[in-house]
There are 2 protein chains.
Amino acid sequence: MKVLQIVGYKNSGKTTISKEVIAYFSSKHIKVGSLKHHGHGGIPHGLESTDSEQHRKAGAGVAGVWGENLFQLVQDNWDIADMLLIYEHLKIEFLVLEGFKKMAYPKLVLLRNQDDISLLASLENIIGIIKPNKLHVDSSTIPVFDLERPSLISEWVYQHYLRGGIR
Amino acid sequence: MKVLQIVGYKNSGKTTISKEVIAYFSSKHIKVGSLKHHGHGGIPHGLESTDSEQHRKAGAGVAGVWGENLFQLVQDNWDIADMLLIYEHLKIEFLVLEGFKKMAYPKLVLLRNQDDISLLASLENIIGIIKPNKLHVDSSTIPVFDLERPSLISEWVYQHYLRGGIR
């Protein structure tokens with residue numbers, strides 16, 4: 001399974017770019033998965049407040065609920081590697097990871113403004129920079145794209161993938 | 001991974017018995033998991049109505065959201081075997097399945113009343129029958145337990161597990 005990360009601060013356009021890349025790769029008959037990190041706190045727990053929360057209190061290490069297309073698993077400490085293995089197990093060929101800044105997979109980085117440029121120095125394995133047309137970003141080594149032209153981005157990512165640039 | 005099913009109609013006491021068995025097995029330092037089938041319709045979708053639903057519409061075969069202890073996965077056709085493999089992967093040793101009447105794992109069957117007795121004929125691999133004290137159930141081959149004494153049930157299930165009766 002190949003993994004692409006899409007990172008950037010809030011409201012930088014991550015969902016727009018994710019959707020664009022997902023749509024492009026699935027149009028090429030690649031089985032695409034996505035995983036979004038909801039960040040800390042505030043996740044709207046739903047099902048597990050009922051029976052599966054009771055199972056957890058009784059001592060279940062992993063409590064799950066399945067209904068139609070939704071499978072929800074609750075456990076104390078999720079290991080990202082375990083989540084990725086689940087996608088592999090489900091035969092996903094290309095995974096779009098939104099967030100997870102500290103991981104080392106190839107990354108598209110979204111910048112909103114001048115202040116965000118410092119983000120580039122803190123991230124590993126950046127393959128592309130995406131920024132609003134009005135923001136100027138100097139980069140001699142990493143391709144820079146305009147957020148306003150997402151189809152150019154997904155096409156380039158796909159070519160990069162075909163060249164073996166996403167592992 | 002050993003799997004025990006707990007089946008019965010609505011309000012037959014499935015959650016009570018699940019909790020009892022989960023608590024007993026985890027007190028024996030066995031890593032217990034639980035999986036509940038929410039039934040058809042009415043599952044309170046939460047997170048995926050936001051970004052992951054957008055990812056799915058864009059073409060993602062599997063869209064997930066993770067935040068703290070909750071990992072939620074959405075895909076079109078869940079295969080129960082895939083869900084069980086996920087629990088195995090998460091190192092669960094003993095899985096309590098609530099519902100999933102058609103599966104062939106060893107089962108505790110809960111009966112509420114005389115009418116429910118017909119359920120016994122439609123299920124495979126029944127290892128125990130649980131019924132209210134006031135209901136009389138005749139069974140020469142399968143142990144019958146009173147719902148009112150759940151600790152006797154979990155102790156018996158554990159002994160049955162130790163004897164290799166749950167595969």
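A residue is called buried when its relative accessible area is under 20%, exposed when it is over 50%, and partly exposed in between. With these words in hand, the report below describes a predicted model, beginning with one chain as a whole and then turning to single residues.

**Chain A as a whole**

Chain A holds four helices and eight strands, and, read from the N terminus on, its elements follow the order β-α-β-α-β-β-α-β-β-β-β-α. Taken along the principal axes, the box filled by the C-alpha atoms of chain A is roughly 55 × 35 × 25 Å. Of the 167 residues in chain A, 54% are buried, while the chain exposes about 7,600 Å², of which carbon and sulfur atoms supply 49%. When contacts between residues at least 6 apart in the sequence of chain A are considered, 54% of them join residues at least 24 apart. Chain A carries 19 positive and 18 negative charges, and the mean positions of these two groups lie 4 Å apart.

**Positive phi outside glycine**

Asn125(A) and Glu68(B) each have a positive phi although neither is a glycine, and the table sets out their values.

| Residue | Phi | Loop | Relative accessible area |
|---|---|---|---|
| Asn125(A) | about 60° | between β6 (107–110) and β7 (126–131) of chain A | 40% |
| Glu68(B) | near 55° | between β3 (62–67) and β4 (70–74) of chain B | 42% |

Because its relative accessible area is 40%, which falls between the limits of 20% and 50%, Asn125(A) counts as partly exposed. Glu68(B) is likewise partly exposed, because its value of 42% falls between those limits.

**Two helices of chain B**

Helix α1 of chain B covers residues 14–27, and its 14 residues reach 20 Å from the first C-alpha to the last, which is close to the 20 Å expected at 1.5 Å a residue. The buried residues of α1(B) include Ile17(B), Ser18(B), Val21(B), Ile22(B) and Phe25(B). An α-helix has 3.6 residues a turn, so residues three or four places apart point the same way. After α1(B) comes His29(B), whose phi is positive and near 60°.

Is His160(B), found in helix α4 (residues 150–162) of chain B, buried or exposed? His160(B) is buried, because its relative accessibility of 14% is under the 20% cut-off. Its side chain makes a polar contact of 3.2 Å with the side chain of Arg163(B). Leaving aside residues up to four places away in sequence, His160(B) touches Ile127(B), Gly165(B) and Ile166(B).

Conventions:
Residues numbered from 1 in each chain as written. Chains lettered and ligands numbered in written order. Predicted model: local features only at pLDDT ≥ 70, side-chain atom pairs only at ≥ 80, totals over all residues. Heavy atoms only, no water. Helix = DSSP H or I, 4+ residues; strand = E, 2+ residues; numbered from the N terminus. Buried < 20%, exposed > 50% of the residue type's maximum accessible area, 1.4 Å probe, protein only. Contact = heavy atoms within 4.5 Å. Areas by Shrake-Rupley, 256 points an atom, 1.4 Å probe, with all protein chains shown as cover. Lys, Arg positive; Asp, Glu negative; His and termini not counted. Charge placed at Lys NZ, Arg CZ, Asp CG, Glu CD. Polar contact = N/O pair within 3.5 Å; in protein donor to acceptor, adjacent residues only side chain to side chain. Expected span 1.5 Å × (residues − 1).
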